[in-house]
Structures are given as structure tokens and as C-alpha cells.
There are 2 protein chains.
Amino acid sequence: MSSLVDGVRAGSRRSLAKLLTIIENEREGAREALAALFPHTGRAWILGVTGAPGTGKSSLVNALAKAYRARGQTVAIIAVDPTSPFTGGAILGDRIRMRDLAGDPGVFIRSMATRGSLGGLARATREVIRVLDAAGFDRIVVETVGAGQSEVEIVRAAHTTVVVEAPGLGDDVQAIKAGILEIADVLVVNKADRPGAQNTIRALKAMLELGHPTRTARVNHHGQRMQVDTPVAEADSIWLPPVIQTVATAESAEESGVAALIDAIDAHRDHLHTAGTLEPQERERIMIELRDRLQHELMTRLLGSLPDGLLTETVRRVQARELDPRQAVAWILDAS
Amino acid sequence: MSSLVDGVRAGSRRSLAKLLTIIENEREGAREALAALFPHTGRAWILGVTGAPGTGKSSLVNALAKAYRARGQTVAIIAVDPTSPFTGGAILGDRIRMRDLAGDPGVFIRSMATRGSLGGLARATREVIRVLDAAGFDRIVVETVGAGQSEVEIVRAAHTTVVVEAPGLGDDVQAIKAGILEIADVLVVNKADRPGAQNTIRALKAMLELGHPTRTARVNHHGQRMQVDTPVAEADSIWLPPVIQTVATAESAEESGVAALIDAIDAHRDHLHTAGTLEPQERERIMIELRDRLQHELMTRLLGSLPDGLLTETVRRVQARELDPRQAVAWILDAS
């Protein structure tokens, strides 16, 4: 295991791919490798890129990776699909990506798919990010499709969250979701050369301005609104997400708007540094992760300690109105 | 306490209001009262009504309550606002409602607001529903506003979930969210006399037909897709949510479309009975509730058993890269 860890640190793609498989499948040695790599994390800038299918999100991530490479930065892409049962292999989006980015040792692409539960996928994603961070990638892009909660869970690990929209998705039914706008640090209207783009941009700006006063409030994983430790009174500390227009399929980073997107991401990064919110946000992310892991661990231990069939039998007794839910919980905890 | 329980069972509104306050505030006696009432639950049909602000959802619930009353059924309305800190009192929507429905002993209205966390609000809502069920109300309407996850959590307790939309919300930016459509058993386009209503209806129907094959898959509270025990092969067992047009402000239930909405709700109820999905769905709801309560109880016990400041200190150590998250969790569990 320590040779794999050394390989990852030395930039071996083979070691990296092997270790990620071990971690994703919770094989022996995962825990030790993660512990060994953790002190080397904290260098990469982590981008979350999310948006509905049809927004051209994958092409945009491609273009973004190429633009970063042109600036001399290394890029790892984690493509997370909470709805797909495929894992580790090459899914369609990857093949297209491979053609564009293949052979570049400064780019690493990994697909992740459902691990049976969203919580499990979010936990695994955070660990894959850490390994890529310790492997020395400058930018880690976590790209995710999905509906609502899954995107929020998965991009929670990002420093900068980019939400991608496109004009005319489903005619007048736009796939813009309130919960998604809340997590956006940068908004992109991709396919900005299409009809209706100006309407989409105008609508997004209007929604953002409406939401402005609550921008400093974040929602934690209990759905509880948490105040980020920011002096809200200071106008400086408030980040109003810019709306960037892109045409990911254009030839150059300038024409495509990807250069402007990178500038917006850098501006957000500078903002977090200047406003002093980077550290408190990291603290909050760690707290959320620890609570999630604790909850998961406690439930796993509890369920493992219960006699076979007890949970099913308890559900039956509640359904028969023999026990109410509070009594049922006390009964289960007594039996454990 | 037993006199309050008797009062609730005998139809005393004063006892009911008092008991709900005790339960909402977790005062002494809540546990016993809930246990005493639980055997009397399971009679009411529980409706979840959700939709973005501006859809006229509250007026629709009003009109629905009046129509049920005209048919001789008693109605309890729980207005849940996960974003508001007010509780138990009269919020604006209630005052309008009061004017319409005041003085009718067959209608009971209760407002619930944030309990600090979404999980807490969802737990309290389920208990309030049970008390109203044991009090003998024929229909219990849980009305909720909110963004994404909160609506999903709260309407999970419902037998039939009604999602309300309206034409032209925010111009071409419709507040239709993928996660919300997934939970809809009946869709309502309210304000159907407004321009653009036909577009909204057409778009909703198109989205529903797209989503059709996955209608039997439900998402549990881990975000995991669960199959409801339905023989998917039988076309009978699949429910395609109807799209109902309403004008909640119209004079009669026929003119307003509310009669058609009641028919759709009844058809959904019949469908659940015929397809045999009512019992498995109740089992699933109970399982979700028990897991949620167990998780909450385990975390509460753990956090209560930790030395002061240990969690904050652990977060600091993770941030300093002294412990990785898995080691941190082991450390916390050892300290408890």
C-alpha cells in the first residue's frame, strides 16, 4: 500500500487509478492510504460544475480543462453520475472527453456512479478529491448531473460552484431550480449563441438579485440555515454570482467565453481569500463531513448489532398500531 | 394528560390546540399522549400540497377545504413554512384562510414553522398529522412552501401529493423542479385562466411522459432509489399523474376545477387500493421514519456524551491535517 501512496505522490497515473479503485470499493488498505495522503491535501482548487442534462456541461468542462492546460495548470476531472449504475469505466461523456484530452499527462479523468446511496457517493467523492489533491493536481473539477439534492450533496466539497444553464431547455420550462441557484458561486449560460439566451441571462440576473440578501446564509445538511462567519454589514464580504456567457464549442478560450469563466472563478477565489471566508467554510465542510460520517457509522453499528429481522418486525408492529414510532425506536435501541 | 387525550378524541378544539402545542414544544406528556392516540390513527386521507410562492397554493387549499366541507367531510390544514421562524400563531395566509373558513367546527387550521432544522420540522409534522388523524378529521392537508428538499421531506408523510404550478411565474423561468415533479401524484396548473396556461400544461405533460417509466421508483431519505413492491409489468399498477386546471378564486367547485381535483385525488386513492401499493408504501414510510428517528437519537446521545469542545477541537485538528476524517470519527467515537 505504501508503494501505491508513493506512486501517487510521484505522479504515477497507474498508482493513482489503482488506489482510487481500492478506495471506491472500500478494499483493504483504503483507510491507511487516505491517512497517509491527507497531510498532502489542501493545495488544489476544487470546482463543482453542475447543471441539467442538455446544458452542454461536459463540453464546457472539456473546454475549461483545455484552457487551464494552456495556462500550465494540471486538471483532474471527476464525472459523478448519481443516477447511473456504471462505475470506474468509460461512459459516453468520457469517450468524447478522451478524444479531446487524451495523451495529456496533465489531465486525469475519473467517472463515479451510484454507490447504492447518495450519502455513500458523496463520501466516496470527497475521498477521491483528496487523493487527486495529494497527487498534485492544480484544479479538480467535480462535474455532476442529477436532480436537486444529489447535486447539492456532491458539490458541497467544492470551493467554487459553477451552475450551468442553457437557453430554451424544454421550451418555456426552464430547468432552473431554486436550490441550485442557492449554491451557485458562478453562473454560466452555455450555448449563448442560441435564440433566447438573452432572456435566460436576464431572468437569472433577476433571480440572483432577488436572492442577494440571503447569499451569506448557507444551508447545512440538516436543512438548517447556517450563517457563515462573515460580517454581513460589509458590502465587500458579499459575493454576487456573476453570469458568464459561453459557447463551449467555439475554437479559442476567448471566443468561447471560457477565459471569462476562468476569470470569474479566480475572482471568486480572491474574494474568499480577501473576505476571510475560506477557513470558516472549510471548517463548516469538515463539520458536515464528520457529522455525516458519525451518523453513518452509528447507524451501521446499530443495524449490525440488531437481531435478524428485528427492524422488519418492528415496522410490522408499528403498522399494526401496536407500537408508536417513539416506542419503536426505544425498543430497537434496547434490543441493540 | 389523559384528559387532553380524551378531549381530542371527543372533538374538543381546545384540547386539540393545547396538545399540539405540547407536542410541538416537546413538553412533558407529549410522548404518552402520542402513544395513547396512535392506535386511533390510520383513518384520515393525508394530502400533501406543495408549490412555489405565487402559484396560489393557499387559495387552492382553501377552495379544496370548502369543497370537502360541502361534501360533508371534515378537514384539517397544516400550513408548514420551513423558512419562517414563526410558529403556532396566525401568519398572513392563515388570516385569509380564517376569514373564509372561520367558525366551521369541521375545519381546523394549524401553522408550523421552522424548528431549527428540517429534520425536526418533518418529525414534528408527522406527529401533528397523527394527532389530527386520531382526532377524527377525514382529510388532512399538509401545505408547504419551500425549496426542494424541504418540500420532499415534509410531503413524504402524505398519501397523495399535489404539486401546484402556475403559468408565467418569472416569465420564461418556470419554478418547476425535477425533484418536485418526481413526488407529484396529481399536478395542478392553478390560475389556469391566465395567458400561457396552455403552454405550462403542455410542458408538464411532456415532462411527465418522459418520466413515466421511472414512476414506480421512489427515492428514500438517503437519496437511494427504492422500488415500491409493485408488479411493474402490469400497466394497471402504474399511475400517470393527471394535470388538472384550476382557478381557485372562481365561485363554485365545478367552475374552479376543484371538483376535478377532488376526483383526481379520489382516483389516486382508488388506484393505491387497487394496485395494492398502500400497505407497502406505509411500510416504507414507517421504515424511513424509524431510521430517521434512530439516527437522530443516536446522534443526540453521542453529542450529549462528548466532552465539551471535543467536536470543535476535532474539526480544528482535521483542518490542521493532523487527523483525517476517518481517524477523526474513530477518535470521537472512542471519546464518547
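Domain bounds here come from an automatic or database domain assignment. With that in mind, select domain 1 of chain A and domain 3 of chain A: their C-alpha centres lie 42 Å apart. The full division of chain A is domain 1 (1-38), domain 2 (41-275) and domain 3 (306-335).

Before moving on, a word on conventions. Residues are numbered from 1 along each chain as its sequence is written, while chains are lettered from A and ligands numbered from 1 in the order in which they are written. The model is predicted, with local features needing pLDDT of at least 70 and side-chain atom pairs counting only at pLDDT 80 or more, whereas totals for chains, interfaces and linings use all residues.

**Stop 1: chain A as a whole**

Colour chain A by secondary structure and you will find 14 helices and nine strands. Helices (H or I, at least four residues) and strands (E, at least two) are DSSP runs, numbered from the N terminus. Of the 336 residues in chain A, 42% are buried. A residue is called buried if 20 or more other C-beta atoms lie within 10 Å of its own, exposed if 12 or fewer, and partly exposed in between, with C-beta atoms placed from the backbone. Contacts (C-beta atoms, placed from the backbone, within 7 Å) can be sorted by sequence separation: among those in chain A between residues at least 6 apart, 73% join residues at least 24 apart.

**Stop 2: the sheet of chain A**

Now show the strands of chain A. Seven of them form an open sheet with parallel pairing, in the order β3-β2-β4-β1-β5-β6-β9. Two strands pair if DSSP finds at least two bridges between them. At the edges are β3 (107-113) and β9 (243-245) of chain A, each pairing on one side only. From one strand to the next, the twist averages 20°. Angles run from 0 to 180 degrees between N-to-C directions, with axes fitted as lines to C-alpha atoms, for helices over the stretch in contact.

Next, select helix α11 (residues 258-275) of chain A, which packs on the sheet and touches β1, β5 (160-165), β6 (186-189) and β9 of chain A. The direction of α11(A) makes about 170° with that of β6(A).

Zoom in on β1 (residues 45-51) of chain A. Six of its seven residues are buried, so β1(A) is largely enclosed by the rest of the structure. On one pairing, six bridges join β1(A) to the parallel strand β4 (residues 139-144) of chain A. Label Ile46(A) and you can find Ile140(A) opposite in β4(A); likewise, Gly48(A) stands opposite Val142(A). β1(A) also pairs with β5(A) in the parallel sense, over five bridges, and there Val49(A) has Val162(A) as its bridge partner.

**Stop 3: two loops with positive phi**

Select Glu26(A), in the loop between α2 (13-24) and α3 (30-37) of chain A. Glu26(A) is not a glycine, yet its phi is positive, about 55°. With 13 other C-beta atoms within 10 Å, Glu26(A) is partly exposed.

Then jump to Arg321(A), in the loop between α13 (310-319) and α14 (325-335) of chain A. Phi of Arg321(A) is also positive, near 65°. Arg321(A) is exposed, having 12 other C-beta atoms within 10 Å.

**Stop 4: the cores**

Switch to chain B. A nonpolar core is a set of buried Ala, Val, Leu, Ile, Met, Phe, Trp, Tyr and Cys residues joined through C-beta atoms within 7 Å. The largest has 70 residues, and those touching the most other members are Ile78(B), Val131(B), Leu132(B), Ile140(B), Val141(B) and Val142(B). Helix α6 (residues 118-134) of chain B gives the largest share, nine residues. At least three residues come from each of domain 1 (1-39) and domain 2 (41-275) of chain B. A second, separate core of 69 residues includes Ile78(A), Val131(A), Ile154(A) and Val258(A).

Back in chain B, select Val142(B): beyond its neighbours within four places in sequence, its contacts include Ile46(B), Gly48(B), Ile78(B) and Ile154(B).

**Stop 5: Val145(B) and helix α14(B)**

Val145(B) lies in the loop between β4 (139-144) and α7 (149-155) of chain B. Val145(B) counts as buried, with 22 C-beta neighbours inside 10 Å. Measure in your viewer from C-alpha to C-alpha: Val145(B) and Val80(B) are 7.0 Å apart in space and 65 residues apart in sequence.

Finally, select helix α14 (residues 325-335) of chain B, whose buried residues are Pro325(B), Ala328(B), Val329(B) and Ile332(B). They cover an arc of only 100° around the axis (taken from the directions from the helix axis to the C-beta atoms), which puts them on the same side of α14(B). Those buried residues pack against α12 (278-305) of chain A together with α13 (310-319) of chain B.

Terms used
Two residues are in contact if their C-beta atoms, placed from the backbone, lie within 7 Å.
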